[in-house]
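Work through the exercises below with the sequence and the structure at hand. Try each task before you read its solution.

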Number of protein chains: 2
Amino acid sequence: MGRIVVKFGGTSVATVERIRQAARHVKREVEAGHQVAVVVSAMSGKTNELVGWVKDAGGVDADQREYDAVVASGEQVTAGLMAIVLQSMGVASRSYQGWQVPIHTDEAHAVARIAEIDPTNLEADFAAGLVPVITGFQGIAPSGRITTLGRGGSDTSAVAVAAAVKADRCDIYTDVDGVYTTDPRITPKARRLSKVAFEEMLEMASLGAKVLMIRSVEMAMAHNVRLLVRSTFDDPDAPQIAPDGTPGVPGTLVCDEDEIMEKQIVSGVTLARAESKITLRDVKDRPGVAAAIFGALADEQIVVDMIVQNISDDGSTTDITFTVPDAEHDKAVKVLEAAAKAGRFEYSRLSTAKGGAKVSVVGVGMRNHAGVAASMFKALADKGINIQLITTSEIKTSVLIDDEYAELAVRALHTYYGLDKEDA
Amino acid sequence: MGRIVVKFGGTSVATVERIRQAARHVKREVEAGHQVAVVVSAMSGKTNELVGWVKDAGGVDADQREYDAVVASGEQVTAGLMAIVLQSMGVASRSYQGWQVPIHTDEAHAVARIAEIDPTNLEADFAAGLVPVITGFQGIAPSGRITTLGRGGSDTSAVAVAAAVKADRCDIYTDVDGVYTTDPRITPKARRLSKVAFEEMLEMASLGAKVLMIRSVEMAMAHNVRLLVRSTFDDPDAPQIAPDGTPGVPGTLVCDEDEIMEKQIVSGVTLARAESKITLRDVKDRPGVAAAIFGALADEQIVVDMIVQNISDDGSTTDITFTVPDAEHDKAVKVLEAAAKAGRFEYSRLSTAKGGAKVSVVGVGMRNHAGVAASMFKALADKGINIQLITTSEIKTSVLIDDEYAELAVRALHTYYGLDKEDA
């Protein structure tokens, strides 16, 4: 007996038929004796339709408060339908819109942050044996107007509800069955992880494993809400995971690393392509020069990924290299040249190369194992892969290589760190 | 300078382009110096889509509270889009959902009645020069859950808002340009009425002139809210009606009969087809026998229209005749026979005829003019039309005739009572 918050994304509730499939998972958990709350997204495609109308009506400058009022209607529909379907299966249920729970947010319309969730109504429902079905993605501002949390906000809603009612687990039902050691399209030996630490998930999410919104993982980590990523399209009546996460579970549990007994040194290998490398040679080194360069880029909303700075021989100049998405390459060059012209910093030469591939290994086990970076470089060298850039963090080591070698590098590292499926 | 509530139906807001056309009418009124509040329906087709999903999800027994939560989302979308479009035209505006106004209703989900509208927020908007855009068709129950008012409820919402803010007029924008003396498909001589009394509108609405929901007219009459029925598709920049309703106005003003200076004896001629006539011969006459007969029909949701009872010669038996829609004929006969068998009443013979046509003349002027009924019968006799049944009320006289003569009768009466267009 536990308390579980379950969340269904847009593809999981795209039609009434799919809502019925999703509801069977809820019914199973209720019949297992759990207290369950449900958080739902809009039917897939609906939010885009609503956003399209808003753009038609008011262009990009449309009042964000009205944008929120319009766009929030999508989840309202799904929540009501889910409650009806649950009732038709004999599961007592009722729907809530964000303002009815209430889910209090700040006033930042279209990108609101949850401030506080009052658990009183939900606790009363649990006590009465009801399954509350809550609209994801939305809340109510102090002004009394509806807010939305921005794209992917339903994951965040689910985690926040789970934190508010002190749930034992937050199950994120989606169209994939978990988090993989690497992209299965690159190697069939990719393996689903049964557990992954919050920190690992954050590094993997930001590197392109788009299973969970990064914001929801941050919130889950902050409130220590255990997340189970699993597929809506699994047979709801098949044998299930126990809340303690025994082996063979259908899904991946994202949890505190203390809960992961046997830590892998490396849990996953990720790949990001189409990275442009930009180097500024002989940058006149003075305090604040890095802030001047990357401030100029940030002012133009250019997101910088890897950053490497080498100290020069004489200490008066330095070389700075960083990567941006290929799509931002031309804009970045223009911004840098203009900023240098305006005297914000000085350099002798700017050189760039498009089409790099960033390969990273991620794992909390790295913290206690020296030499992970060195072994990674050796594994790549053994395949004749040249490394152009290196960056490291506590639980991640990334290299930039030629795109031609991208798949080869991922497969080599996946095998090297023992991540391959046993039967593959 | 006045205060106007304007309401747009589903066809008037079916697309963003149409919302823009509707908004031009609002802008014109604002620029004329009026304080304006807007009430909107869902985009046409949307409510049906939502109702369809609810049926798919839960069948006909779906929880009405959830039905309301789902179906109310349609108006929410239109209200937000209308506010955005108005803003894009330079008209300061904001949207309200029923619960935000708030529009308080009873707990009768799906068929709720408005209990009270708090005008505080709307008054503040008027004072600040804002145009509030309010979702029609919905409100909030004492339980805090969303309610809907039933089909056509947006007209009722508009009238209730107009009453709450003491508006000078409630403009109902729709896809017809007013109320006509009769169906223009029957005679091209049909003329748009510039004014029609509440009572006349009620009689015409119930007889099939489906321009306004009868409930909203009743409410308008009770609160003396002047209704202007007009077309959204008129050129918003053409010369407009003055609030006092000078001749040549684009639309029909539905108002207290005191406001109509020159009262027509007859304002309109209406036609309802496919009426079945049912006669019970020699009904044993005793107190309560009519209640027994029509109670049996009402128990089965059969709506009875005309009712005629003649006193018999000896006072012990009577003949009772009434009409029901042809579609209800078979069911009505079955109900009557079963009720008689159960001893609820006695008669000697039951005779019926399908396919009658009910022609009515309506006008508040009848009150002060004797002989309207007689002149009607003469006008019909002159065309050789046989009358099967007659019923009368204070402002309406109806006859049932053979359907073959329906158009002939309407055209004859329309001409006889001077309703024909002058240039037709």
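Helices (H or I, at least four residues) and strands (E, at least two) are DSSP runs, numbered from the N terminus. The model is predicted: local features need pLDDT of at least 70 and side-chain atom pairs count only at pLDDT 80 or more, while totals for chains, interfaces and linings use all residues. Residues are numbered from 1 along each chain as its sequence is written, and chains are lettered from A and ligands numbered from 1 in the order in which they are written.

**Exercise 1. Cis peptide bonds**

Find the loop that holds B:Pro102, and give the form of the peptide bond between B:Val101 and B:Pro102.

Solution. Step 1: B:Pro102 lies in the loop between strand E3 (93–96) and strand E4 (103–105) of chain B. Step 2: the bond joining B:Val101 and B:Pro102 is cis, with omega about -10°. Step 3: turn to chain A, where the peptide bond from A:Val101 to A:Pro102 is cis, with omega near -10°. A:Pro102 sits in the loop between strand E3 (93–96) and strand E4 (103–105) of chain A.

**Exercise 2. Positive phi**

Describe the phi and the surroundings of A:Ala274, then of B:Ala274.

Solution. Step 1: most residues other than glycine have a negative phi, and most peptide bonds are trans. Step 2: A:Ala274 is not a glycine, yet its phi is positive, near 55°. A:Ala274 belongs to strand E13 (residues 268–284) of chain A. Step 3: count neighbours. A residue is buried if 20 or more other C-beta atoms lie within 10 Å of its own, exposed if 12 or fewer, and partly exposed in between, with C-beta atoms placed from the backbone. A:Ala274 has 14 other C-beta atoms within 10 Å, so it is partly exposed. Step 4: B:Ala274 has a positive phi of about 55° and is placed in strand E13 of chain B. With 14 C-beta neighbours inside 10 Å, B:Ala274 counts as partly exposed.

**Exercise 3. A helix with two sides**

Sort the residues of H10(B) into a buried side and the face turned away from it.

Solution. Step 1: helix H10 (residues 329–341) of chain B has 13 residues and reaches 18 Å from its first C-alpha to its last. This is close to the 18 Å expected at 1.5 Å a residue, where the expected span is 1.5 Å times one less than the number of residues. Step 2: the buried residues of H10(B) are B:His329, B:Ala332 and B:Leu336. Seen down the axis of H10(B), these fall within an arc of 65°, so they line one face of the helix; the arc is that of the directions from the helix axis to the C-beta atoms. Step 3: recall that an α-helix has 3.6 residues a turn, so residues three or four places apart point the same way. Step 4: the face of H10(B) turned away from the buried side carries the exposed residues B:Asp330, B:Lys334, B:Glu337, B:Ala338 and B:Lys341. Step 5: the buried residues of H10(B) pack against strand E13 (268–284), helix H9 (289–299), strand E15 (317–325) and strand E16 (349–362) of chain B. Step 6: after H10(B) comes B:Gly343, with a positive phi near 85°.

**Exercise 4. Where the chains touch**

How many residues of chain B are in contact with chain A, and which elements supply them?

Solution. Step 1: two residues are in contact if their C-beta atoms, placed from the backbone, lie within 7 Å. Step 2: 28 residues of chain B are in contact with 28 residues of chain A. Step 3: on the chain B side, the elements that give two or more residues are helix H1 (16–31), helix H2 (46–58), helix H3 (64–71) and helix H4 (73–88). The largest share, eleven residues, comes from H4(B). Step 4: the chain B side divides into 15 nonpolar, ten polar and three charged residues. Here Ala, Val, Leu, Ile, Met, Phe, Trp, Tyr, Cys and Pro count as nonpolar, Asp, Glu, Lys and Arg as charged, and the others, Gly among them, as polar.

**Exercise 5. The domains of chain A**

Which domains make up the division of chain A, and how many residues of each are in contact with the other?

Solution. Step 1: chain A is divided into domain 1 (3–258) and domain 2 (268–416), with bounds from an automatic or database domain assignment. Step 2: their centres, taken over C-alpha atoms, are separated by 35 Å. Step 3: 15 residues of domain 1 of chain A are in contact with 15 residues of domain 2 of chain A. On the domain 1 side, helix H7 (residues 198–206) of chain A gives the most, with four residues.
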